[in-house]
Amino acid sequence: MSDSERRERKHDRNQRDRHRQIREWAAYVRSHPDEDWGEQVNTLVNSQLQSARHLEAERPDESVFRDSPLLDE
Amino acid sequence: MEFTEEGVVIDKPPSDLDRLILDVSAVLDSLDIEHAVVSCYVAVLFGRSRATEDIDVITERFGEETATALATELRNAGYWGSAMPLSDLHETLRDDLPVRIAEDGHRVPNVELTFATDRDDRISLENAITVTLDGEPLRVGSLEFQIAYKLDMGAQKDYEDALYLHEVAGSNLNRTALEQYVTELGVENEYERLRET
């Protein structure tokens, strides 16, 4: 088996795992009270936003990029 | 999560992301501006555990007077234009560019407001459903169209959003409408793959 075939198989396996996890989480959401899954989703969303806010001062302003030749339309 | 004739009821405390869109949506409602939340936040609202900082909102076109009132109400509610001043709101939207609205002084999270510009946007507006989150209403583009649209976008994260919405809504989806959107957007193969996943 070539390296590229190995990489492709690994990619396919990872993708199948991700899809299985998504289906399982959807089943959990369907079958549990909103408060239960809501708390878990809120924890993830709020912590990601806190992290992004912590770093937002370091982000360049959008206007810096607007006229960049590196950007497509 | 309860699917009813009137829409969907989600009885969880709002996250910081939910709080932002509930507030902005209430301002839009107070000015009778028709709008619909679309794209990746819809999956997060329905419980997908993934990170996002932007909430896409499509609105009907409105004039300068309404835009001025909207800018004033947003400022009064503690929001600003994080990429350009709210005083440029109408000019920006009229040029079919997005206006980013965030809590005063911050850039994330933000609501990205755009005028409806094409048929896809109009479908989202015209077929929006009401999601009641913790007792507060939110207009959201139809799940059937969100799924087909996400399949059309093609990136892995979009496919996964479509898969999640398809799984979580399950038998509550209107199959006829979904298959019609799938055909219209030419994503029959992707839809078949989603059903087989």
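In this predicted model, the domain assignment splits chain B in two: domain 1 covers 2–141 and domain 2 covers 142–192. Taken over C-alpha atoms, the centres of domain 1 and domain 2 of chain B lie 22 Å apart. The two parts touch. Domain 1 of chain B puts 15 residues in contact with 9 residues of domain 2 of chain B. On the domain 1 side, helix H2 (40–45) and helix H5 (119–126) of chain B each supply at least two residues. By class, that side has 9 nonpolar, 4 polar and 2 charged residues.

**Helix H6 of chain B**

Is helix H6 (residues 143–153) of chain B enclosed or open? Of its 11 residues, 9 are buried, so H6(B) is largely enclosed by the rest of the structure. The buried residues are Leu143(B), Glu144(B), Phe145(B), Gln146(B), Ile147(B), Ala148(B), Tyr149(B), Lys150(B) and Leu151(B). Charged side chains are on that list too: Glu144(B) and Lys150(B) are both buried. What covers the buried residues of H6(B)? The cover includes strand E3 (35–38), H2, H5, helix H7 (156–169), helix H8 (175–185) and helix H9 (188–196) of chain B. H2(B) and H5(B) thus appear in the cover of H6(B), and they also supply residues to the side of domain 1 of chain B that touches domain 2 of chain B. Just after H6(B), Gly154(B) takes a positive phi of about 90°.

**Helix H1 of chain B**

Helix H1 (residues 16–30) of chain B has 15 residues. At 1.5 Å a residue it should span 21 Å, and its end C-alpha atoms are 21 Å apart, which agrees. The buried residues of H1(B) are Leu17(B), Asp18(B), Leu20(B), Ile21(B), Val24(B), Ser25(B) and Leu28(B). They cover an arc of only 155° around the axis, which puts them on the same side of H1(B). Just after H1(B), Asp32(B) has a positive phi of about 55°.

**Strands of chain B**

Strand E7 (residues 110–115) of chain B pairs with strand E4 (residues 54–59) of chain B, and E7(B) also pairs with strand E6 (residues 99–103) of chain B. The table sets out both pairings.

| Strand pair | Sense | Bridges | Residues opposite each other |
|---|---|---|---|
| E4(B) and E7(B) | parallel | 6 bridges | Val57(B) and Leu113(B) |
| E6(B) and E7(B) | antiparallel | 4 bridges | Arg100(B) and Glu112(B) |

E6(B) and E7(B) form a hairpin, with 6 residues between them. In the turn, Gly105(B) has a positive phi of about 90°.

**Chain A and its contact with chain B**

Chain A has 3 helices and 0 strands. Along the sequence, the pattern is α-α-α. Of the 73 residues in chain A, 12% are buried.

How many residues does each chain give to the contact? Chain A gives 25 residues and chain B gives 25 residues. On the chain A side, helix H1 (3–31) and helix H2 (34–55) of chain A are the elements that give two or more residues. H2(A) provides the largest share, 14 residues. By class, the side of chain A that touches chain B has 10 nonpolar, 6 polar and 9 charged residues.

Key:
Residues are numbered from 1 along each chain as its sequence is written. Chains are lettered from A and ligands numbered from 1 in the order in which they are written. This is a predicted model: local features need pLDDT of at least 70, side-chain atom pairs count only at pLDDT 80 or more; totals for chains, interfaces and linings use all residues. The expected span of a helix is 1.5 Å times one less than its number of residues. A residue is buried if 20 or more other C-beta atoms lie within 10 Å of its own, exposed if 12 or fewer, and partly exposed in between; C-beta atoms are placed from the backbone. The arc is that of the directions from the helix axis to the C-beta atoms. Two residues are in contact if their C-beta atoms, placed from the backbone, lie within 7 Å. Ala, Val, Leu, Ile, Met, Phe, Trp, Tyr, Cys and Pro count as nonpolar, Asp, Glu, Lys and Arg as charged, and the others, Gly among them, as polar. Domain bounds come from an automatic or database domain assignment. Two strands pair if DSSP finds at least two bridges between them.
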